[in-house]
Amino acid sequence: MSTPHYYAAPVLSLLSRPSFTGPEHLPVSWIGESTDGERLAEFAGRLCYMSQHNPAKRATREYLENIKKQGHGSVLEHANYSILFEGVSRSLTHELVRHRAGFAYSQLSQRYVDESEANFVVPPAVLGDAALEATWRAQVEQAQEVYVSLVAQLMERYGWVADKVHRRKMAREAARAVLPNATETKIVVTANARAWRTMLELRSSEGAELEIRRMAIATLRLLQTEAPGFFSDFEIYTGEDRREAARIGFHKV
Ligand SMILES: Cc1cc2nc3c(=O)[nH]c(=O)nc-3n(C[C@H](O)[C@H](O)[C@H](O)COP(=O)(O)OP(=O)(O)OC[C@H]3O[C@@H](n4cnc5c(N)ncnc54)[C@H](O)[C@@H]3O)c2cc1C
């Protein structure tokens, strides 16, 4: 068993963004800078009133600002973004997957994947205090040692199961019960822009748990760069607890 890696922050990789192809027979008079995802939402919105000629002469991002202001957020549902999250804990994903509407998830399976070499995520409140970190690490490493020993014993106990893949799964799914909530996991999350907004509003607020709040702020930064028209009304600030939080301009569009 090698020494685990201890994550101090999540690692995000944007896996996919929308690709928009405007139909030739319904050209839109686009104005200003925009991405495919933003154009897709504008196209969908303009179709409702057949206003492709852009009578108010709005740039795409102004148009989307007005959509959010009017609460016509359903057009934001056309734009999907997929993100791979690594360096997040099982306790974080337990909270994350509660967000249902407009979300899709695929997460590393602790039944199939050997966790003998698993990594761990340091809780933000523990991070940076040497004594707290030492206590926490000792417990985490002991749990992992017990996991390894349990897997070996369970493989023996169920030696009569001929299918080795099935036997390993039986051993790992039972042994994982001793792994801590801090065990690192990986998850692919796909959601549309409206769903991301709802989740980010709840999880970047000062009331949210610190690790998911840190992850929400990182996601917000990524998506604000990717598609400002959907996320520019979020404002990141330092909360009373001296950690980053965000407030939304337009609640539940
Ligand atoms: C600070 C904080 C503390 C929390 N503490 C706890 C806790 O102690 N215990 C606990 O169990 N959970 C807790 N939660 C989780 C919370 O209860 C929600 O499950 C989670 O925030 C997802 O919210 P949601 O259901 O609005 O999201 P989504 O499932 O993404 O839904 C988005 C919106 O779609 C609509 N919607 C979705 N599904 C339905 C439906 N079936 N019927 C009608 N409308 C629907 C609703 O308007 C909903 O707000 C906490 C969340 C936060 C942010």
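**Ligand, core and turns**

Colleague: What makes the pairing between the ligand and arginine 100 a polar contact?

Modeller: An oxygen atom of the ligand is 2.8 Å from an N or O atom in the side chain of arginine 100. A polar contact is a pair of N or O atoms within 3.5 Å; within protein, one must also be able to donate a hydrogen and the other to accept it, and residues adjacent in sequence count only if both atoms are side-chain atoms. The value of 2.8 Å is within 3.5 Å, so the term applies. This is a predicted model, where local features need pLDDT of at least 70 and side-chain atom pairs pLDDT 80 or more, while totals for chains, interfaces and linings use all residues. Residues are numbered from 1 along each chain as its sequence is written, and side-chain values use heavy atoms, without hydrogens or water.

Colleague: Which other residues make such a contact with a ligand oxygen?

Modeller: The side chain of lysine 252 has an N or O atom at 2.8 Å. A polar backbone atom of alanine 101 is at 3.3 Å. The ligand alone exposes 940 Å², and the protein buries 45% of that (Shrake-Rupley method, 1.4 Å probe; for residues, only the protein chains shown count as cover).

Colleague: What joins the side chains of glutamate 86 and lysine 186?

Modeller: A polar contact of 3.2 Å joins them. Glutamate 86 lies in strand 3 (strands are DSSP runs of E, at least two residues; helices are runs of H or I, at least four; both are numbered from the N terminus).

Colleague: Why is asparagine 54 called buried?

Modeller: Its relative accessible area is 1%. Buried means under 20%, exposed over 50%, and partly exposed in between, with a 1.4 Å probe and protein chains only. Asparagine 54 is therefore buried. It sits in the loop between helix 1 and helix 2, and has a positive phi of about 60° although it is not a glycine.

Colleague: Is arginine 242 buried or exposed, and how do you know?

Modeller: Its relative accessible area is 76%, so arginine 242 is exposed. Arginine 242 is in the loop between strand 7 and strand 8. Its phi, near 70°, is positive too.

Colleague: What makes strand 7 and strand 8 a pair?

Modeller: Two strands pair if DSSP finds at least two bridges between them. Strand 7 and strand 8 have four, in the antiparallel sense. In one of them, glutamate 235 partners arginine 247.

Colleague: How many residues does the largest nonpolar core have?

Modeller: It has 38, and Phe231 is among those with the most contacts inside it. Such a core is a set of buried Ala, Val, Leu, Ile, Met, Phe, Trp, Tyr and Cys residues joined through side-chain atoms within 4.5 Å. Helix 7 gives the largest share, six residues.
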